[in-house]
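Here are some notes on the model you sent, set out as numbered points. Please read them with the coordinates open.

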Amino acid sequence: MASSALQRMAQRAAQEREEALERCDLCGAPIAADHRHLLDVASRELMCACRPCALLFDRDAAGAGGRHYRLVPDRRLRVDDLDLDDVTWADLRLPVDMAFFFRSTPAERVLAFYPGPMGATESLLGLEAWAALEARNPVLRTLTPDVEALLVHRALGARRHYVVPISDCYELAGLIRTRWRGLTGGREVWEEIGRFYDRLDRRARRTGQDDHEEEATWPSSGSARAM
């Protein structure tokens with residue numbers, strides 16, 4: 001009797017643990033907290049993916065999905081020598097000091113978004129200013145369209161620049177949207193933002209422009225369609 005009761009308790013505990021796990025949005029399999037994502041290019045929605053499903057959509061694999069879904073890469077770089085001064089930042093027409101930029105295949109141009117209390121909001125991007133920024137920074141031409149972004153953090157005097165998976169940008173936007181209080185956000189949200197960038201620093205590889213001269217394969221956004 002005691003053995004049977006313990007067995008039932010163990011089964012219930014195992015079931016509860018499995019139910020608590022996140023699940024792959026494609027096949028429904030349980031996945032760990034640290035997992036890959038797929039991006040629906042048309043809707044810009046992220047989907048959680050288990051390892052087998054992620055491999056199907058790997059850009060280097062002869063897998064399914066074509067252009068509709070893309071596997072979000074896991075490259076994270078902190079580019080300490082990015083050439084982005086205050087004048088260029090003003091020319092980019094960002095209303096706040098934190099933003100991310102990515103090349104959109106459907107829009108056929110680079111888009112700029114900034115996180116805030118309403119979520120990720122698109123900003124009017126100065127296309128000529130971006131083309132000039134890209135010309136000075138070859139690393140920006142290595143961004144994989146739709147799924148990699150330049151994340152810029154200039155709030156509170158910071159000057160930090162990263163190449164990140166687009167999922168990191170949406171994570172930051174969600175954090176700010178759910179924790180923002182009042183006009184200035186409140187202490188809690190800024191502490192959470194600090195922890196987000198601390199985690200990113202631990203995961204990112206520090207790099208410089210010279211590391212990416214030969215990787216710059218994407219055409220300049222000066223040839224892209226204007227807004």
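1. A good place to begin is Y197, which, leaving aside residues up to four places away in sequence, touches M98, L151, V152, H153, R160, Y162 and L172. Please bear in mind throughout that the model is a predicted one.

2. Y197 also belongs, together with F100 and L151, to the residues that have the most contacts inside the largest nonpolar core, a set of 24 residues. At least two residues of this core come from each of β7, β8 (109-116), β10, β11, α5 (166-179) and α6. Another core, of 22 residues, lies apart from it and includes V79, A112, L140 and L150.

3. Two of the residues touched by Y197, namely L151 and Y162, also stand opposite each other, with Y162 placed in β11. The strands concerned are β10, residues 148-153, and β11, residues 160-165, which run antiparallel and are joined by six bridges.

4. How many strands form the open sheet, and in what order do they follow one another? There are seven, in the order β9-β8-β7-β10-β11-β6-β12, and their pairing is mixed. The edges are formed by β9 (119-123) and β12 (205-207), each of which pairs on one side only, while the twist from one strand to the next averages 30°.

5. Helix α6, which spans residues 187-203, lies across β6 (77-79), β7 (98-104), β10, β11 and β12, and runs at about 70° to β11. In a description of the sheet, this helix deserves mention alongside the strands, given that α6 and several of the strands it crosses, including β7, β10 and β11, each supply at least two residues of the largest core.

6. On internal space, a search of the whole structure finds one cavity of 30 Å³ or more, and the volume of the largest cavity is about 30 Å³. The residues lining the largest cavity are F102, R103, V110, W130, E134, L140 and L143, and the elements giving two or more residues to that lining are β7 and α4 (127-136). L140, one of these lining residues, is also among the members of the 22-residue core.

7. The second largest pocket has a volume of about 310 Å³. It is lined by 15 residues, of which D34, H35, H37, R76 and S167 are the closest to its centre. Two or more lining residues come from each of β3 (36-40) and α5, and α5 gives the most, with three residues. Helix α5 thus appears in two of these points, as it also supplies at least two residues of the largest core.

Terms used. Residues numbered from 1 in each chain as written. Predicted model: local features only at pLDDT ≥ 70, side-chain atom pairs only at ≥ 80, totals over all residues. Heavy atoms only, no water. Pairing = 2+ DSSP bridges. Helix = DSSP H or I, 4+ residues; strand = E, 2+ residues; numbered from the N terminus. Axes fitted to C-alpha atoms, helices over the stretch in contact; angles between N-to-C directions. Contact = heavy atoms within 4.5 Å. Core = buried A, V, L, I, M, F, W, Y, C linked by side-chain atoms within 4.5 Å. Buried < 20%, exposed > 50% of the residue type's maximum accessible area, 1.4 Å probe, protein only. 1 Å grid on protein atoms, 1.4 Å probe; cavity = no way out; pocket = protein on both sides within 12 Å on 5 of 7 lines; lining within 4 Å. Points joined across faces, edges and corners; volume = space filled by probe spheres on them.
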